[in-house]
Amino acid sequence: MANSDRPTAAPRRGRSKAVRRLVITLVVLVGLLVAADFGAAAVFEHEVSKRAQQQFGLRDHPSVKVGGFSFLLQAVSGEYDRVTIDAKGVPVKDTLRDVDVHAELRGVQAPLSDLIGGSLKEVPIREVEGQVKVKASDLNRALQTNSNEAVSAVTNLTIDPVSEKTVRTAPTDGTETEVDGKEVADQEGTTAGVKLCGTVAIAGAPTELCVFSIVSLDNGAIKIAPARLEVHNSGSEVALPAALQKRVLGLFAYRVDPGALPFKVTPTAVTVEPGLLSVKGKASNLVLGR
């Protein structure tokens with residue numbers, strides 16, 4: 001005989017619907033919180049961007065990004081872990097036209113009440129790391145202003161990091177120097193090795209000219225001190241007399257002024273990366289907007 005007291009499935013279906021409603025509600029709430037987080041972060045980034053534009057004397061608003069988990073949680077505390085500011089294509093004097101400016105701010109203090117009320121005037125910062133970058137194309141343009149025709153005719157300039165040992169030591173077999181950029185690209189200090197290569201016409205033939213140099217800080221500027229020269233024509237090295245090499249090297253001694261670091265940070269290091277030269281520095285306890 002069949003058991004007529006067997007429970008129905010209706011309560012289970014009811015519980016399932018309740019769980020689905022709860023999940024949907026949670027998803028909607030999370031979406032709203034995420035939207036609010038992004039919206040509040042956008043307001044903060046815009047405010048910091050305006051003040052950075054004024055303080056750095058930029059033509060356009062720089063890009064500002066807030067790092068760390070959850071902007072709203074940081075906003076409630078009034079302190080932000082990390083904020084990055086980037087400005088691209090910044091002209092410096094009459095020589096450089098495409099300098100990149102980067103600043104990483106740590107411990108940025110901006111009370112939520114001031115942010116919401118629009119009364120945020122000054123932003124204290126615990127630590128700032130600033131950097132300016134000079135690209136190979138900008139350095140090439142600067143070199144082309146040289147009064148010497150051999151230097152001003154250089155095109156397609158490239159920048160590669162090399163060790164200072166490589167700068168001072170030529171291959172014993174007379175072959176082209178092999179560069180391992182990964183070995184030295186992350187090293188920082190007051191000096192660094194660099195390989196500058198460009199194309200110049202010699203006797204009507206395109207010739208690659210590579211100048212191995214030491215770059216150093218010189219009152220905030222980048223000083224390029226050539227050490228040795230390699231000349232390649234159609235893949236073969238061209239040997240130049242020592243006296244002529246010395247004369248050519250002297251033409252490439254150059255001083256590049258990339259402008260002041262953001263927040264007037266004191267330069268402490270010069271670095272070489274593929275395609276660019278840069279100056280870095282750090283400072284503590286500064287105020288944005290003062």
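# A guided tour, starting at helix α4

Select A136, D138, L139, N140, A142 and L143 in α4: these residues are buried, meaning under 20% relative accessible area, with exposed meaning over 50% and partly exposed in between (1.4 Å probe, protein chains only). Now widen the selection to residues 136–143, the whole of α4. This helix is mostly covered, with 6 of its 8 residues buried. Helices (H or I, at least four residues) and strands (E, at least two) are DSSP runs, numbered from the N terminus.

Before moving on, note that this is a predicted model, in which local features need pLDDT of at least 70, side-chain atom pairs count only at pLDDT 80 or more, and totals for chains, interfaces and linings use all residues. Residues are numbered from 1 along each chain as its sequence is written, and side-chain values use heavy atoms, with hydrogens and water left out.

## The cores

Keep L139 selected and add F44, Y80 and L105. These four have the most contacts inside the largest nonpolar core, which has 60 residues. A nonpolar core is a set of buried Ala, Val, Leu, Ile, Met, Phe, Trp, Tyr and Cys residues joined through side-chain atoms within 4.5 Å. A second, separate core has 6 residues, including V162, V167, F212 and I214. In soluble globular proteins, nonpolar side chains tend to be buried together.

## Strand β3 and its partners

Select residues 96–109, strand β3. Of its 14 residues, 10 are buried, so the strand is largely enclosed by the rest of the structure.

Next, add β2, residues 79–92. It runs antiparallel to β3, and 10 bridges join the two. Two strands pair if DSSP finds at least two bridges between them. Look for V83, which stands opposite L105 in β3. Then go to the hairpin of β2 and β3, with 3 residues between the strands. There K93 takes a positive phi near 55°.

Now add β4, residues 123–135. It is joined to β3 by 8 bridges, again antiparallel. Here V108 stands opposite I125 in β4.

## The largest pocket

Which residues lie nearest the centre of the largest pocket? Select F56, G57, L58, V90 and V101 to see them; the full lining has 25 residues. Two or more lining residues come from each of α1 (10–56) and β2. The most come from β2, which gives 7 residues. By type, the lining divides into 14 nonpolar, 6 polar and 5 charged. Ala, Val, Leu, Ile, Met, Phe, Trp, Tyr, Cys and Pro count as nonpolar, Asp, Glu, Lys and Arg as charged, and the others, Gly among them, as polar.

The pocket holds about 480 Å³ of space. On a 1 Å grid over the protein atoms alone, a pocket is an open set of points with protein on both sides within 12 Å along at least five of seven lines, while a cavity is a set where a 1.4 Å probe fits but cannot get out; lining residues have an atom within 4 Å of a point. Grid points are joined across faces, edges and corners, and a volume is the space filled by probe spheres set on the points.

## The cavity

The structure holds 1 cavity of 30 Å³ or more. Its volume is about 40 Å³. Select V154, L157, L196, G198, L209, V211 and F252, which line it. Two or more of the lining residues come from each of β6 (191–202) and β7. The lining has 6 nonpolar residues, 1 polar and no charged.

## The disulfide

Stay with β6 and β7. Select C197 in β6 and C210 in β7, 13 residues apart. A disulfide joins C197 to C210, with S to S at 2.1 Å. A disulfide is a pair of cysteine sulfur atoms within 2.5 Å, and by this rule the count comes to 1. The torsion about the S-S bond is about 110°, so this disulfide is right-handed. Are the two cysteines buried or exposed? C197 counts as buried at 5% relative accessibility, and C210 does too at 0%.

## Two positive phi values

Follow the chain to N219, in the loop between β7 (205–218) and β8 (221–233). Its phi is near 55°, a positive value in a residue other than glycine. N219 counts as exposed, at 77% relative accessibility.

Finish at N285, in strand β12 (residues 276–288). Phi of N285 is near 55°, also positive. At 66% relative accessibility, N285 counts as exposed. Most residues other than glycine have a negative phi.
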